[in-house]
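This report describes the side-chain interactions of a single chain, together with its overall make-up. The structure comes first, and the account follows.

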Amino acid sequence: MAERQPVSDSPSPSVPAASNRKGSVSIEPVCKTRYRSRSAPPAVVPHWKVAADYDSAVARGRTWIREWLESHRSEARSWLTSVSIHVVVLLVIGLTIWFPGRLLVSPFDVVVTTLEAGSEEGFIDGIGLVGAGPEAPAGDPLEKWNMADAAAMALPAEAEKIVFESPRVSAVVSDSAIEADDDDMLPVDGKDAGKSTRGGRAGGKGTARESGANVAGLLDGRGDSMRAKLVKKAGGTKETERAVQMGLDWLARHQKSDGSWTFQHGPDDPGMLECPTGATGLALMCFLGAGNTHQKGYYKVQVERGLRFLLDHFEENNLGGWFQGTGRATMYVQGICTIALCEAYSMSKDATLRNPAQRAVDFIVNAQDREGGGWRYQIPSAGDTSVVGWQVMALTSARIAELKVHPRVLPKVAGFLKRVESETGGMYGYTSPRTIRTSTTAAGLLCRMYLGREQTHRGLIRGMKHLDEWGANTHDMYYGYYGTMAMHHWGGPAWERWNNDMRKLLVDSQAQDGDAAGSWITDRSHGAEQGGRLYTTCLSILTLEVYYRYLPIYRKQTPLSDDADPPADTEPADATAARPAEPAEKGEKAE
């Protein structure tokens, strides 16, 4: 019988002994019972759940670092010096790249976008917008954008190839599509009609001769000393100047903290239109008209903040510089803000304003309809007289500032006016001769003056007679604003009659009490409720600044009685004297 072997306490050969080394981990299960013990064998614990001792690893790492530093003690100083130098160099490079773009260029960030032609509602920011700009609202026509429509309405390819020239040295560009009407010039002592005293060319029906009156020095009346003289000479009074001052105070009180103005300004008769750039441009025109700039004047702080807001919302795109007007307000906003920017540059000679002013003008030039010659909500479209009036004023401001205006633009504007005129230029419609209105007639006549039409032109004389017969009123300040400027340029007894009525109406109707003091209640003209009290107040201030805001284009006064009888093929006399109806014809869109 085999002898039983004693049970040994020594580890089994098949189960190696666990290492006594601190921190080691055995790959075998932990088992502290003897072999063949009556108790059940313990559960097997996976090795990845066994805790390990990392203290020794950390200690070894610290020891290695300490030994390395001891052995490289002599090199530590050079290493520290090298790291410091590299950090300083990187900081200098970063500052050099980052800050000049913020400090040395014009004081605003230009966002580059790509604009395309838009829908009939005027949205032009349809495809490829980059950077700033409001999100398209729900139900926006842009959601239904059709690429085929975009291609059909896109600007002609030559729009990108325009070579801009100085209006003072550019060759006159004729427009073969526009007829001449030399017979509409009234002779004076057997000779051709006299030239405009400010250098304008003789005028016809949109020929190359209507390429712009000489507008040099037209803003020279805004200085303090000249302003006082012109107020007295041109028919202003202490009451009109007080009304202007109160109006500017009202605007200053309603400027927002970001430098902008809004048509939706508060409880006192606000407008409905949400368009801060348009409201800001209109308010700036009032301050600039009284001689204030961002460099001088009682309201220079307000002007500086307003200009900064406009430039902060100015985007460069494939058409030029865009003030982010959208919808039906697109080109209204562009014209108004361009006037403000060009006048601010012209009055201050601040070089940082020149480039944005030029790019804003470029936008207007490139947005002009090549066939119709006008501007409207959609870009491009044949145009309407209301929108065209603001663009002509903006281009005139650009020429005063000696900015570049392509020579093809003004003759094409003359062509547009030819297509909407009646009585050979005595009345003007909204989009055609069938939509004659008092407001569009006043705007059309003023445009003709800035295009260079002579004071002895039959159509111009007829038109000024109509304004004289209709008279001034404050129920339609759009008509009052354009009519006042046209009459001031015209001069003579007709201007005196108009001015006596208009200044009294405006001074008497200005609010005198409360938060509304200095403002005017919204007039009753079509669309005035969109702009509200701020819109009417701005037009009223600009109207009362007429004595010095622009110097007269004509120095020689032509009596309205010099008008000849209308030709036999024109409208009857009772029709010419009648006050045109204001509503647009059926199917036409209002301003």
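A salt bridge is counted where a side-chain nitrogen of Lys or Arg is within 4 Å of a carboxyl oxygen of Asp or Glu. The pair D362 and R359 satisfies this criterion, with the closest N and O atoms 3.2 Å apart. The coordinates are those of a predicted model, and every value below is computed from them.

**Overall make-up**

The chain has 591 residues, of which 51% count as buried. Its secondary structure comprises 19 helices and 5 strands. Of the contacts between residues at least 6 apart in sequence, 72% join residues at least 24 apart. The accessible surface of the chain amounts to about 29,600 Å², and carbon and sulfur atoms account for 56% of that area.

**Salt bridges**

The whole structure contains 10 salt bridges. Three of them are listed here, including the pair introduced above.

| Acidic residue | Basic residue | Closest N to O distance |
|---|---|---|
| E316 | R359 | 3.5 Å |
| D362 | R359 | 3.2 Å |
| D508 | K504 | 2.7 Å |

D508 and K504 are both located in helix α16 (residues 492-509), 4 residues apart, which is about one turn of the helix. Both of these residues are exposed. By contrast, E316, R359 and D362 are joined into one network by salt bridges that share partners.

Within that network, D362 and R359 both belong to helix α10 and are 3 residues apart, again about one turn of the helix. The bridge between E316 and R359 links distant parts of the chain: E316 is in strand β2 (residues 315-316) and R359 is in helix α10 (residues 351-367), 43 residues apart. How accessible are the members of the network? E316 has a relative accessibility of 17% and counts as buried. D362 is also buried, at 5%, whereas R359, at 22%, counts as partly exposed.

**Aromatic pairs and charges over rings**

The structure holds 11 aromatic pairs. One of them joins W261 and F287 in a tilted arrangement, with a centre-to-centre distance of 5.8 Å and 35 degrees between the planes. W261 lies in the loop between α6 (238-253) and α7 (276-289), and F287 lies in helix α7, so this pair ties together parts that are 26 residues apart in sequence. W261 is buried at 0% relative accessibility, and F287 is likewise buried at 0%.

A further pair is formed by W490 and Y554: the ring centres are 6.3 Å apart and the planes meet at 75 degrees, so the pair is edge-to-face. This pair links distant parts of the chain, with W490 in helix α15 (residues 477-490) and Y554 in the loop between α18 (546-549) and α19 (573-577), 64 residues apart. W490 is buried at 1% relative accessibility, and Y554 is buried at 3%.

Ring pairs also link W261, F287, Y298 and Y299 into a cluster. Charged side chains are placed over rings as well: R437 lies over the face of Y430 at 4.4 Å from the ring centre, and K349 lies over the face of Y345 at 6.0 Å from the ring centre.

**Cysteines**

How many disulfides does the structure hold? There are 0 disulfides. C275 takes part in none, and the nearest cysteine sulfur to that of C275 belongs to C337, 7.4 Å away. That separation is too far for a bond, because a disulfide requires cysteine sulfur atoms within 2.5 Å. Both residues are buried: C275 has a relative accessibility of 8%, and C337 has a relative accessible area of 0%.

Key: Residues numbered from 1 in each chain as written. Predicted model: local features only at pLDDT ≥ 70, side-chain atom pairs only at ≥ 80, totals over all residues. Heavy atoms only, no water. Buried < 20%, exposed > 50% of the residue type's maximum accessible area, 1.4 Å probe, protein only. Helix = DSSP H or I, 4+ residues; strand = E, 2+ residues; numbered from the N terminus. Contact = heavy atoms within 4.5 Å. Areas by Shrake-Rupley, 256 points an atom, 1.4 Å probe, with all protein chains shown as cover. Phe/Tyr/Trp six-rings, centres within 6.5 Å; stacked < 30°, edge-to-face > 60°. Lys NZ or Arg CZ within 6 Å of the ring centre and 35° of its normal.
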